[in-house]
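Hi,

Here is the structure I promised to pass on. Have a look at it first, and then read my notes below.

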Amino acid sequence: MIAAMFAALLLAIALAMDAFAVAMVQGASFRPGGRDTLRIALYFGIFQGIMPIIGWGLARLSLDWVAAIDHWIAFGVLGILGLRMLIKSEHDEEAVPLNGLALTGAAIAESIDALAAGVTLPTIGLPIMTTCIVIALVTTILSAIGVGIGARLGQRFGRPAEFLGGLILIGLGLKILAEHTGVI
């Protein structure tokens, strides 16, 4: 049981890294307060916890067409968000937080790997729901930490941090695309 819990924790940390990076970018560009930090962290945590269940269910239904397009969706959403940040970093625009549809899109895009990881959930040795709860909690905590770190960096470095954040989002989109198309 301890080995299975450790495996679930390692999977959760690995899956949370994309959410952590996106949360850090959001913190650097917007510098949200406590309530917005919690909202961002919860969005990322909830989607990261739900997506493996969806992936597990789709794998059980053998819906291979989902795997054929999920990485393109993630690449598109993260690429567009990253380009918007790059453009905004070059202008004196006020930072705008991810809200509503944009936050939902970012949460879905960054959790595409969790959807793919859902196929492996039965191999961990824990109930699927327990594993997904661990993934959601770890992602929520790391996302909140990421927003805080990003906010500190954003206050200190301003536009360069936002530009770097845009590059990170584009890089994450490219990473997901490359992994799912077999390039890396």
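**A buried aspartate and what goes with it**

Let me start with Asp 18, which counts as buried because its relative accessibility is just 8%, under the 20% cut-off for that label. Please keep in mind that this is a predicted model.

So what does Asp 18 pair with? Its partner is Lys 175, and the two form a salt bridge in which the closest N and O atoms are 3.7 Å apart. This pair links distant parts of the chain: Asp 18 sits in helix α1 and Lys 175 in helix α7 (residues 159-181), with their positions 157 residues apart in the numbering. Unlike buried Asp 18, Lys 175 is partly exposed, at a relative accessible area of 27%.

**The other salt bridge**

A search of the whole structure turns up two salt bridges. Besides the one above, Asp 36 and Arg 39 meet through their side chains, at 3.0 Å from N to O. Here the partners share helix α2 and are three residues apart, about one turn of the helix. Asp 36 is partly exposed at 24% relative accessibility, and Arg 39 is partly exposed too, at 23%.

**The overall picture**

Stepping back, the protein has seven helices and zero strands, so if you read along from the N terminus you meet α-α-α-α-α-α-α. Of its 184 residues, 47% count as buried. Take the contacts between residues at least 6 apart in sequence: 90% of them join residues at least 24 apart. The protein exposes about 9300 Å², and carbon and sulfur atoms supply 73% of that area.

**A nonpolar patch**

Which residues make the nonpolar surface patch? They are Phe 6, Leu 9, Leu 10, Ile 13 and Met 17, and the patch covers about 440 Å². If you want one of them to click on, try Leu 9, which is found in helix α1 (residues 2-30). Leu 9 is partly exposed, with a relative accessible area of 36%.

**A ring pair in helix α2**

The count of aromatic pairs comes to one. It consists of Tyr 43 and Phe 47, which are stacked, with 6.4 Å from centre to centre and 25° between the planes. The two residues are separated by about one helical turn, because they are four residues apart in helix α2 (residues 34-61). Tyr 43 is partly exposed, at a relative accessible area of 27%.

**A serine on the inside**

Last stop: Ser 143, in helix α6 (residues 128-157). Is Ser 143 buried or exposed? Buried, with a relative accessible area of 0%. A polar atom of its side chain lies 2.8 Å from the backbone oxygen of Thr 139. Leaving aside residues up to four places away in sequence, Ser 143 touches Ala 19, Phe 20, Ala 23, Ala 41 and Phe 44.

If you only have a few minutes, I'd look up Asp 18 and Lys 175 to see the salt bridge that links distant parts of the chain, and then Ser 143 with its 0% relative accessible area.

Cheers

Notes. Residues are numbered from 1 along each chain as its sequence is written. This is a predicted model: local features need pLDDT of at least 70, side-chain atom pairs count only at pLDDT 80 or more; totals for chains, interfaces and linings use all residues. Side-chain values use heavy atoms; hydrogens and water are left out. Buried means under 20% relative accessible area, exposed over 50%, partly exposed in between (1.4 Å probe, protein chains only). A polar contact is a pair of N or O atoms within 3.5 Å; within protein, one must be able to donate a hydrogen and the other to accept it, and residues adjacent in sequence count only if both atoms are side-chain atoms. Contact means heavy atoms within 4.5 Å. Rings of Phe, Tyr and Trp (its six-membered ring) pair if their centres lie within 6.5 Å; planes under 30 degrees apart count as stacked, over 60 as edge-to-face and the rest as tilted. Accessible areas come from the Shrake-Rupley method with a 1.4 Å probe; for residues, only the protein chains shown count as cover. Patches are made of residues with over 30% relative accessible area and no salt bridge: like charges are joined within 9 Å, nonpolar side chains (Val, Leu, Ile, Met, Phe, Trp, Tyr) within 5 Å. A salt bridge is a side-chain nitrogen of Lys or Arg within 4 Å of a carboxyl oxygen of Asp or Glu.
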